[in-house]
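Visitor: Could we go through the charged side-chain contacts in this structure, and then turn to the cysteines?

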Amino acid sequence: MTPEVRPITARPAWQALQAHYRQLRDIHLRNLFADDRERGKRMAIDAAGVYLDYSKNRVTEETLALLIRLAEESHLREHIDAMFRGDKINVTEQRPVLHVALRAPKGASIVVEGRNVVPDVHAVLDKMTDFANRVRSGIWKGHTGERIRNVINIGIGGSDLGPVMAYEALKAYSERKMSFRFVSNVDGTDFVEAVRDLEPAQTLFVISSKTFTTLETMTNAQSARAWSLQGFGGDSKAVAKHFVAVSTNAEKVSEFGIDTANMFGFWDWVGGRYSMDSAIGLSTMLAIGPQHFRSMLDGFHRMDEHFRSAPFEHNLPVLLGLLAVWYNDFFGAQTLAVLPYEQYLKRFPAYLQQLTMESNGKHVTLEGEPVGCDTGPVYWGEPGTNGQHSFYQLIHQGTRLIPCDFIAFVETLNPLGRHHDMLLANVFAQTEALAWGKTAEEVKAEGTPDWLVPHRVFEGNRPSNMLLLERLTPAALGTLVALYEHSVFTQGAIWHIDSFDQWGVELGKVLAQRIIPELESKTEPQLGHDSSTNELIRRYRLRKASDLIR
């Protein structure tokens, strides 16, 4: 068991950090760089294929030492060891948390309740590989003998965001003779637009739901089934050739008409938002091929090993996590921007939103007591340079402090004239501009009229991390995702919360199940909600009825 942890605000390192913050809060990054000419070289780590420059953060050596002390007082090392051991660190659901097992090499051993789970993981990987090779080569044929040219993944949450992000990120490696689409929203528009120009005879659906009962996913799956069968004259035998399942509920899968031989399983110790490298990634493997998929797993594993073994002062996820805590809890920064200067990573910030906020959006400790500090900053972002012409104004000159993670790659996958040099020049310039800003004296020296000077001053002192990788490969993507997974873990360990449950998504879903029959009832239902909800239901039913009459 993890040793007893004091309330976070009672920890000596926390109290020392509060005092240290009061001394440091008004010191500008200009001064920190002026006092240490080697700061840009010294405050950087090159590990696991990632170069992290964290020198443009509002920290000193003392800050970092205190943050590491806080990690030690929070028993971060014991938490890490417990996860890799397979302990039940998801305490509210009494489950291990073993996404690290999904990318462990074949010879590894990770034991859960007396069973080494690594061979099970590789058995599923081998099954996925065989299926992906058959579909990609054309050996797998649809009901009428045509080859599959379109794949549609139907899922939601972790069963959608991971596959969507990975497909977009690795599109350069995908099979361009096939199309890949993703349906998640229960809004019928999502499904209708996904299939609008497709032929059922050439389309394969991957239904991703662990229980095969998820409301949104199964509603979309039933619509997909109806659309598919309409193209085959209602022949239900077609389902087995055009639908596969990522699930553990063989009975429900079979009832749907899917051959359970084409069911790809995963385990209770895989959380949805940590599942893109499990069978949930089947659509990813179909797109990029088994070899690239396994390279992605290698990237994950490389970061896992770095996180597990590197000392905290040289540990990329630990440092990112500690810096997030520093700004969230001491500077009061409520958000963190993730800004990839790589168009293929356009869905990466959206993916991180679930990973980070579903994990650490918690208000009580592992024992159910109030946390006593803020947790879970809001993660958001867009790819550069688009954001520069949008929200960067607020980051540079607004009144809120918004720490930024910039992500860039030395090599482009699409060389085109000066484009990549211009892209990298922009990302480097943004980190510089945020840190240094522009003083009133500098603005006046440019000949700016006095009345305009205040509008053109940049305060600077805006913190950022620069994550520089060589090239966006499948391995690099795995490394990046694992980096943020373990940063989230680090933050959760500091706050002493359960980063692996998600009870906060349940209440609205339960209430929706109650409201659905009230909206669909042919007779006036007896409503027992608050006056606002009752009136909304009545208004919808009234307008729905008038539309039916017309």
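**Salt bridges and cysteines**

Visitor: What is the acid partner of Arg 95 in a salt bridge?

Guide: This is a predicted model. In it, Arg 95 pairs with Glu 93, and the N to O distance of this salt bridge is 3.7 Å.

Visitor: And how exposed are Glu 93 and Arg 95?

Guide: Glu 93 is partly exposed, at 22% relative accessible area. Arg 95 is likewise partly exposed, with a value of 27%.

Visitor: How many salt bridges does a search of the whole structure find?

Guide: The search returns 26 salt bridges.

Visitor: Which residue does Lys 88 pair with?

Guide: Lys 88 forms a salt bridge with Glu 113, and their closest N and O atoms lie 3.4 Å apart. The two residues are 25 residues apart and belong to distant parts of the chain. Lys 88 sits in the loop between helix H5 (76-85) and strand S3 (111-112), while Glu 113 sits in the loop between S3 and strand S4 (115-116).

Visitor: Is Glu 113 buried or exposed?

Guide: Glu 113 counts as exposed, because its relative accessibility of 70% is over the 50% cut-off. Its partner Lys 88 is partly exposed, at 38%.

Visitor: Moving along, which residue forms a salt bridge with Glu 411?

Guide: That residue is Arg 471, and the closest N and O atoms of the pair are 3.1 Å apart.

Visitor: Which parts of the chain does that pair tie together?

Guide: Glu 411 is in the loop between strand S12 (404-409) and helix H17 (419-436). Arg 471 is in the loop between strand S13 (464-469) and helix H20 (474-495), so the salt bridge ties together parts that are 60 residues apart in sequence. Glu 411 is partly exposed, with a relative accessible area of 34%, and Arg 471 is partly exposed at 32%.

Visitor: Which residues do salt bridges with shared partners join into one network?

Guide: The network consists of Arg 103, Asp 277, Asp 304 and Glu 485.

Visitor: Now the cysteines. What is the count of disulfides?

Guide: The count comes to 0 disulfides, with the criterion being a pair of cysteine sulfur atoms within 2.5 Å.

Visitor: Is Cys 404 buried or exposed?

Guide: Cys 404 is buried, with 1% relative accessibility.

Visitor: And why does Cys 373 count as buried?

Guide: Cys 373 has a relative accessible area of 19%, and it counts as buried because that value is under the 20% cut-off.

Technical notes:
Residues are numbered from 1 along each chain as its sequence is written. This is a predicted model: local features need pLDDT of at least 70, side-chain atom pairs count only at pLDDT 80 or more; totals for chains, interfaces and linings use all residues. Side-chain values use heavy atoms; hydrogens and water are left out. A salt bridge is a side-chain nitrogen of Lys or Arg within 4 Å of a carboxyl oxygen of Asp or Glu. Helices (H or I, at least four residues) and strands (E, at least two) are DSSP runs, numbered from the N terminus. Buried means under 20% relative accessible area, exposed over 50%, partly exposed in between (1.4 Å probe, protein chains only).
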